[in-house]
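Here is a short guided tour to read with the structure open beside you. Rotate as you go, and take the sections in any order you like.

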Amino acid sequence: MKQLYHFQTANHIISGQNSIQSLAENLHLIGKDIQKALIITSPSLIRLGFVDEVKSQLSNKGIDSRTITGILPEPTVANIEEVYKDPANENYDVFIGLGGGSVLDATKILSILKTNDKSVHELLEPDVIERPGIPTILIPSTSGTGSEVTPNAIVTIPDEELKIGIVSKYFLPDLVFIDPVLTLELPAAITAATGMDAFTHSLESFISNKANPISDTYALDSIRLISSSIVEAYHNGASIAARGKMIIGSMYGGMALTSAGTAAVHALAYPLGGKFNITHGVANSMLLPHVMAFNMDAITGRLSRVAEAMGISEAGDSENAAAERVVSQINKWTKELDIPQNLKKYGVEEIDLQDLAEAAAKVTRLLNNNPKTLSVEDIKNIYRKLLP
């Protein structure tokens, strides 16, 4: 039997510089009459004027809108349930998520809560979302998660010291705007962490056991775009050219992982975020070179293709040499982008490694995608490399 590949993404995607200014004129793409909108965002996007831009467009169309904030950078179940108290008893025709990955993920979950008789905690169980949520418009303000085009949402479970990914086709948004202008004011540290997160999505999708011709196309182009722009975006945040490559590269990374899934890097990152509050992008960046080194003998050929996409392969390189260049370049990036490489900075000690490894080993949904099997001891050894 021939292998089948599955790909899904947002219904409509509108991209380009200042594309957010065309939001109101494209509301017809949602396919329903809109009288009232809820905007989920963060205070920084309000200060920068992007929320007012959206509200003004809606008002000119005769659409009433309200704005709520309060989503944490790494939202917990309790945080989302608390925020949901605001829109729970109001009727809205559309939810507009404007912000980073946490805001976008929360917007998806809030939408589902309106139409499914479930708590956030109940959504953590597989395949419990039974019906579509309120229509959503997602507008990313970072180049990192690719959440705007994925059926995934991540929440933190403090009691279990873990992050959990909820997956449902009903999370896919109705309309997406990819506008690099929204990312021009990103601080350098966030540019670095989110950019490396996007690169991780693409690289892990490319070496995943579920990699396929569809995911490979998006993953390699994402790698090409991010590799050619992440350093410039970090050092020169006002470069619209670099920001444009980064935000498209991030979206492509989301498309790649939708089809192929991420792997051990993400599995090991989740406990670091859940137990020690290490942000997702930083945790992925720290782990990426070490997990790739562990996988090296199983993915040499794949990594040699990654080296080509990154523009770092040289004539006469063997597959091994090209593959080693990928890991070396990732290490160079983490230094230039000033991403920490020492877990002790976050309070992690040797005594914590067993619990971290056992927690990561439970993330089988992602570990099953990894090209090599990891034992608990293998996972501990990878964490230990970050305790110099």
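## Asn18 and its neighbours

Leaving aside residues up to four places away in sequence, Asn18 is in contact with Asp179 and Val181. This is a predicted model, so please read everything below in that light. Asn18 sits in the loop that links β1 (13-15) to β2 (36-40). With a relative accessible area of 33%, Asn18 is partly exposed, because that value falls between the 20% limit for buried and the 50% limit for exposed.

Asn18 also makes a good example of how the fold brings distant parts of the chain together: Asn18 and Phe177 are 159 residues apart in sequence, yet their C-alpha atoms are 9.4 Å apart in space.

## The sheet

Now for the strands. Six of them, 6 strands in the order β1-β8-β5-β4-β2-β3, form an open sheet with parallel pairing. The edges are β1 and β3 (64-68), each of which pairs on one side only. From one strand to the next, the twist averages 15°.

At one edge, β2 and β3 pair in the parallel sense over 5 bridges, and Leu38 stands opposite Arg66 in β3. Helix α4 (residues 101-115) packs on the sheet, where it touches β2, β4 (94-99) and β5 (136-140). The direction of α4 makes about 165° with that of β4.

## Strand β8 and its partners

Which residues of β8 (residues 175-178) are buried on each side? Leu175 and Phe177 are buried on one side, and Val176 and Ile178 are buried on the other, so both faces of the strand are covered. This fits a general pattern: in a regular strand the side chains alternate between the two faces of the sheet.

Strand β8 has a partner in β1, with parallel pairing over 3 bridges; here Ile14 stands opposite Phe177 in β8. Strand β5 also pairs with β8 in the parallel sense, over 2 bridges, and Val176 in β8 is the bridge partner of Leu138.

## Ser227 in helix α7

Ser227 belongs to helix α7 (residues 213-227). Is Ser227 buried or exposed? Its relative accessibility is 14%, so Ser227 counts as buried, the cut-off being under 20%.

The side chain of Ser227 reaches the backbone oxygen of Ile223 at 2.7 Å. Beyond residues up to four places away in sequence, Ser227 touches Phe199, Met310 and Trp333.

## Helix α9

Helix α9 (residues 240-260) has 21 residues and spans 30 Å from its first C-alpha to its last, close to the 30 Å expected at 1.5 Å a residue. Of those 21 residues, 17 are buried, so α9 is largely enclosed by the rest of the structure. Just after α9 comes Gly261, which takes a positive phi of about 80°.

## Where α10 meets α15

Two packed helices are described by the angle between their axes and the distance between the axes. For helix α10 (residues 264-276) and helix α15 (residues 376-384), the angle is about 65° and the axes are 11 Å apart. The crossing of α10 past α15 is right-handed.

Leu268, Pro271 and Leu272 of α10 make the contact with Ile379, Ile382 and Tyr383 of α15. A helix has its own rule of thumb here: with 3.6 residues a turn, residues three or four places apart in an α-helix point the same way.

Technical notes: Residues numbered from 1 in each chain as written. Predicted model: local features only at pLDDT ≥ 70, side-chain atom pairs only at ≥ 80, totals over all residues. Heavy atoms only, no water. Helix = DSSP H or I, 4+ residues; strand = E, 2+ residues; numbered from the N terminus. Buried < 20%, exposed > 50% of the residue type's maximum accessible area, 1.4 Å probe, protein only. Contact = heavy atoms within 4.5 Å. Expected span 1.5 Å × (residues − 1). Pairing = 2+ DSSP bridges. Axes fitted to C-alpha atoms, helices over the stretch in contact; angles between N-to-C directions. Polar contact = N/O pair within 3.5 Å; in protein donor to acceptor, adjacent residues only side chain to side chain. Left-handed = near helix turned anticlockwise from the far one by under 90°.
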